[in-house]
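Biologist: I would like to learn how to read a fold, starting from a single turn and working outwards to the whole chain. Could we go through one together?

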Amino acid sequence: MMKHQRDLEREDRGPQGKACREGIGDIIKKAKMVGEVMLLAEKVEVSDVKALRDFGDKLRDKMESGIICLGSQVGEKAMLALAWSRRT
């Protein structure tokens with residue numbers, strides 16, 4: 001667990017981590033209310049599926065509540081990540 005935490009902290013300090021942190025606020029602003037649920041659907045540029053999953057986790061941690069749908073393309077592969085957040 002501690003090694004995983006250190007790896008995540010190292011990623012945050014790198015150039016992609018910085019872009020991710022700066023982009024989170026801008027992306028969250030694009031969320032829309034659909035009925036009674038906040039929905040965020042966005043295409044993002046990431047290096048691999050792990051980066052997409054990590055970015056989705058960071059968005060989920062920052063959103064009050066709602067559904068997050070992220071899509072990306074790496075080479076010929078399409079990737080999709082779904083997450084939801086509900087704070088009580």
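Modeller: Let us begin at a turn, keeping in mind that this is a predicted model. In the hairpin made by β3 and β4, 2 residues lie between the strands, and Gly75 takes a positive phi near 65°.

Biologist: How many bridges join β3 and β4, and in which sense do they pair?

Modeller: Two strands count as paired if at least two bridges are found between them. Here β3 and β4 pair in the antiparallel sense, over 10 bridges. Individual positions can be followed across the pair: Gly71 stands opposite Leu80 in β4, while Ser65 has Arg86 of β4 as its bridge partner.

Biologist: In what order do the strands form the sheet, and which of them stand at the edges?

Modeller: The sheet is open and consists of 4 strands in the order β1-β2-β3-β4, with mixed pairing. The edge positions belong to β1 (32–34) and β4 (77–86), and because each of these has a single partner strand, one side of each is left without a neighbour in the sheet. From one strand to the next, the twist averages 25°.

Biologist: Which helix lies across the strands, and at what angle does it run to β3?

Modeller: The angle is taken between N-to-C directions, on a scale from 0 to 180 degrees. Helix α3, which spans residues 49–62, lies across β2 (37–43), β3 and β4, and runs at about 160° to β3.

Biologist: Which residues form the nonpolar patch on the surface, and why does Ile67 count as partly exposed?

Modeller: The patch is formed by Val34, Val37, Leu39, Ile67 and Trp84, which together have about 450 Å² of accessible area. Ile67 is found in strand β3, which covers residues 65–74. Its relative accessibility is 38%, and since partly exposed refers to values between the buried limit of under 20% and the exposed limit of over 50%, Ile67 falls in that class.

Biologist: To finish with the chain as a whole, in what order do its elements run, and what percentage of its residues is buried?

Modeller: The chain has 3 helices and 4 strands, and from the N terminus on these elements run α-α-β-β-α-β-β. Of the 88 residues in the chain, 30% are buried. The accessible surface of the chain comes to about 6600 Å², with 55% of that belonging to carbon and sulfur atoms. As for contacts with a separation of 6 or more, residues 24 or more positions apart account for 50% of them.

Note on methods:
Residues are numbered from 1 along each chain as its sequence is written. This is a predicted model: local features need pLDDT of at least 70, side-chain atom pairs count only at pLDDT 80 or more; totals for chains, interfaces and linings use all residues. Side-chain values use heavy atoms; hydrogens and water are left out. Patches are made of residues with over 30% relative accessible area and no salt bridge: like charges are joined within 9 Å, nonpolar side chains (Val, Leu, Ile, Met, Phe, Trp, Tyr) within 5 Å. Accessible areas come from the Shrake-Rupley method with a 1.4 Å probe; for residues, only the protein chains shown count as cover. A salt bridge is a side-chain nitrogen of Lys or Arg within 4 Å of a carboxyl oxygen of Asp or Glu. Buried means under 20% relative accessible area, exposed over 50%, partly exposed in between (1.4 Å probe, protein chains only). Contact means heavy atoms within 4.5 Å.
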